[in-house]
Every structure is written in structure tokens, then in C-alpha cells.
Amino acid sequence: MTTILIKKEDSKKILRDFLSEKFPQLSSSKINKSIKNGDIKVNKKKSNWNYELKENDQIHLFLKIKQNKNMIFLKANKNIKIIYEDENIIVVDKPRGIICQPDKNEKINTLNNQIKKYLYDKKDKAYESTNLCHRLDKYTSGLCIGAKNQKTLKELNTLWNTKAISKFYLALCYGKFKEKKKMLVNYVYFNETSQKMEIDRKNIYNKKMETKYSVIRQNKNYALLEIEILTGKKHQIRVHMASIGNPVLGDTKYNKINNFSYQFPCLISYKLKFNFPKNHFLNYLNEKNITTNIKNFK
């Protein structure tokens with residue numbers, strides 16, 4: 001038996017409507033039949049499908065309800081911070097420590113599932129098609145973009161590494177910088193032995209990465225940088241900065257010099273700029289200034 005306690009925000013809802021929202025895998029006819037047969041009761045008594053719920057009512061379900069695999073996101077947490085949202089995109093502030101998409105260790109509490117749950121709870125049908133169009137590393141915080149329909153997802157994926165979408169990061173990097181601004185261009189590959197991305201100096205794999213940095217503030221042992229990535233390779237910033245002897249602080253995978261007690265990479269996706277063509281359906285985003293307020297590396 002499953003028991004549900006009705007909260008204030010759900011009072012005055014019709015019993016069938018409430019159950020349809022709560023259990024989308026149950027059809028209206030199944031709910032009606034279960035109420036009529038007494039498999040669904042309110043306060044341990046038989047009820048009607050159109051009963052108006054009251055605060056502190058208890059709904060008792062004497063049913064075996066199978067979890068719809070497509071609705072597994074309903075089990076995710078819902079503590080995301082929305083930075084911007086419209087009918088096509090949603091931009092959220094990803095906290096450190098959460099993965100973007102499911103992996104072998106975590107299937108439920110992902111950023112993508114949290115976004116879907118947020119949309120579902122506010123009755124936005126876009127939850128069905130919403131998907132992140134890129135990823136941030138687990139311990140990188142900051143701005144992540146989700147597309148709320150297939151047309152937008154296709155466009156963002158196509159234009160992601162073009163001038164239409166500019167991605168800016170803040171990073172603390174080891175050492176002193178002689179050049180305050182520089183464009184880094186290298187080729188990269190994944191080393192199966194070390195399980196790390198590494199510089200492909202002979203360009204065997206033809207995977208180019210371009211990273212532009214500018215020094216905001218230089219301290220004795222490290223500097224605060226604004227970094228723009230022009231390509232989208234795995235661990236791009238971390239690999240590129242390590243390759244010039246200025247690894248990201250806290251990056252225990254690529255920084256073998258000094259992390260100054262930082263336990264996680266000091267890297268934040270903090271600003272997005274758009275430059276869609278004049279007649280593009282997303283060109284209204286060109287006027288938006290999308291930034292995060294989270295700029296603390298601790």
C-alpha cells in the first residue's frame with residue numbers, strides 16, 4: 001500500500017487530476033476504475049474521482065505501480081538555480097559535484113534529470129524533450145544550457161563550436177604569466193593507458209583545440225584568468241593550461257606542481273554570449289547578458 005499525505009499546495013485539486021500528475025503512467029480510466037473498486041481510497045474510505053482534496057487528507061493506493069523508465073527523473077533532487085529561461089532554452093547554475101548526464105555510478109540525480117523535474121513540476125510539457133546540449137565536468141560549476149525542444153537542440157549542437165555561442169570561464173591557474181593574453185592552439189588525444197587527455201604533438205588524431213586566456217589578476221603564486229574556449233574537447237581548459245606549465249589549481253588529475261590546498265578544480269563556467277545570424281530564430285538571445293553570481297572557488 002502507498003499512502004500520500006496531501007499538502008496545502010495540493011488542496012482543492014480533484015482526486016483524479018492529482019493522481020494523474022503524480023503517476024503519469026496511470027491512465028485516467030485506470031484511476032477511475034481503481035477509485036470505484038476501492039483500490040484507491042481517501043482517509044481509508046471509498047471516494048469519487050471528482051473528490052476535492054483537502055490539506056492533510058490521506059490517499060491510500062492498494063496498487064502495484066510500476067515506475068515508468070522515462071519518468072525516472074521524478075526521483076531526482078530539485079534544487080537547481082535557474083539563471084534564464086524562455087520557450088527554447090533554459091540556463092541553470094550547475095553546482096560542483098553533480099554530473100550532467102547519467103553514468104555507470106549515477107542514473108537518477110543528474111543535472112539533466114533535475115531540469116526535467118523542475119519543468120514537470122511547473123507543468124511545462126517541455127520536460128519531455130528538454131536535454132542539455134553540452135556538459136561540464138563533475139567538479140566544474142557554472143552555466144549549463146538545456147534545449148527545450150528538438151529544433152533548438154539540433155541548432156545548438158550544430159553551432160556549439162562556432163562564433164554563434166561564446167563560452168567564458170573563470171579559473172585560478174598556477175604560476176606567473178609573462179603573456180597577459182594569448183591564444184593557445186594544440187591537438188589532443190585520449191591516452192588509454194593514463195586515462196587522461198594529452199597533447200598530440202605529432203597531430204596523429206587531428207583533434208584540434210583552441211583556448212584563449214587573459215589574465216585578470218596576478219598574485220605571487222597564481223593568477224585569476226578569464227578563459228574562452230573556441231572548441232569543445234574533453235578537459236580542454238585543464239589540459240591546455242597544464243601544457244604551458246600553468247595548470248588549474250585543485251586539478252589533481254593534471255596539476256602535479258602545486259594545488260595550494262584546493263581539492264577540486266578552480267574552474268567556473270561564468271558567462272555566455274550569443275551571436276546568431278540576423279534571421280536565425282534564436283537571434284533574440286544576442287541581447288541577453290547571461291552570467292552566474294557564483295564566483296567562489298572554495
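**Strand pairing and overall form of a predicted protein chain**

In strand E11, Lys196 is the bridge partner of Asn191. This contact between strands belongs to a predicted model, in which the protein chain holds 5 helices and 15 strands. The points below start with the strands around this pair, go on to a sheet of four strands, and end with the chain as a whole.

**Strands E10, E11 and E12**

- Strand E10 covers residues 181–191 and strand E12 covers residues 208–218.
- E10 and E12 run antiparallel and are joined by 7 bridges.
- Within this pairing, Lys212 of E12 is the residue opposite Met183.
- E10 also pairs with strand E11, residues 196–199, through 4 bridges in the antiparallel sense.
- E10 and E11 make up a hairpin, with 4 residues lying between the two strands.
- One residue of the turn, Gln195, has a positive phi of about 55°.

**The sheet of four strands**

- Which order do the strands take in the open sheet of 4 strands? The order is E1-E4-E2-E3, and the pairing is antiparallel.
- The edges of this sheet are strand E1 (2–5) and strand E3 (45–46), each of which pairs on one side only.
- E1 pairs with strand E4, residues 58–61, in the antiparallel sense, and 4 bridges link the two.
- Opposite Leu5 stands Gln58, a residue of E4.

**Dimensions of the chain**

- The radius of gyration of the protein chain is 24 Å, whereas a compact globule of 298 residues would have a value near 19 Å.
- Along the principal axes, the C-alpha atoms fill a box of roughly 75 × 45 × 35 Å.

**Burial, contacts and surface**

- Of the 298 residues in the protein chain, 46% are buried.
- Among contacts with a separation of 6 or more, 62% are between residues 24 or more positions apart.
- The exposed area of the protein chain is about 16,700 Å², and 46% of this area is supplied by carbon and sulfur atoms.

**Charge**

- How many positive and negative side chains does the protein chain have? There are 60 positive and 28 negative side chains.
- The centres of these two sets of side chains lie 4 Å apart.

Conventions. Residues numbered from 1 in each chain as written. Predicted model: local features only at pLDDT ≥ 70, side-chain atom pairs only at ≥ 80, totals over all residues. Heavy atoms only, no water. Rg over C-alpha atoms; globule rule 2.2 N^0.38 Å. Buried < 20%, exposed > 50% of the residue type's maximum accessible area, 1.4 Å probe, protein only. Contact = heavy atoms within 4.5 Å. Areas by Shrake-Rupley, 256 points an atom, 1.4 Å probe, with all protein chains shown as cover. Lys, Arg positive; Asp, Glu negative; His and termini not counted. Charge placed at Lys NZ, Arg CZ, Asp CG, Glu CD. Pairing = 2+ DSSP bridges.
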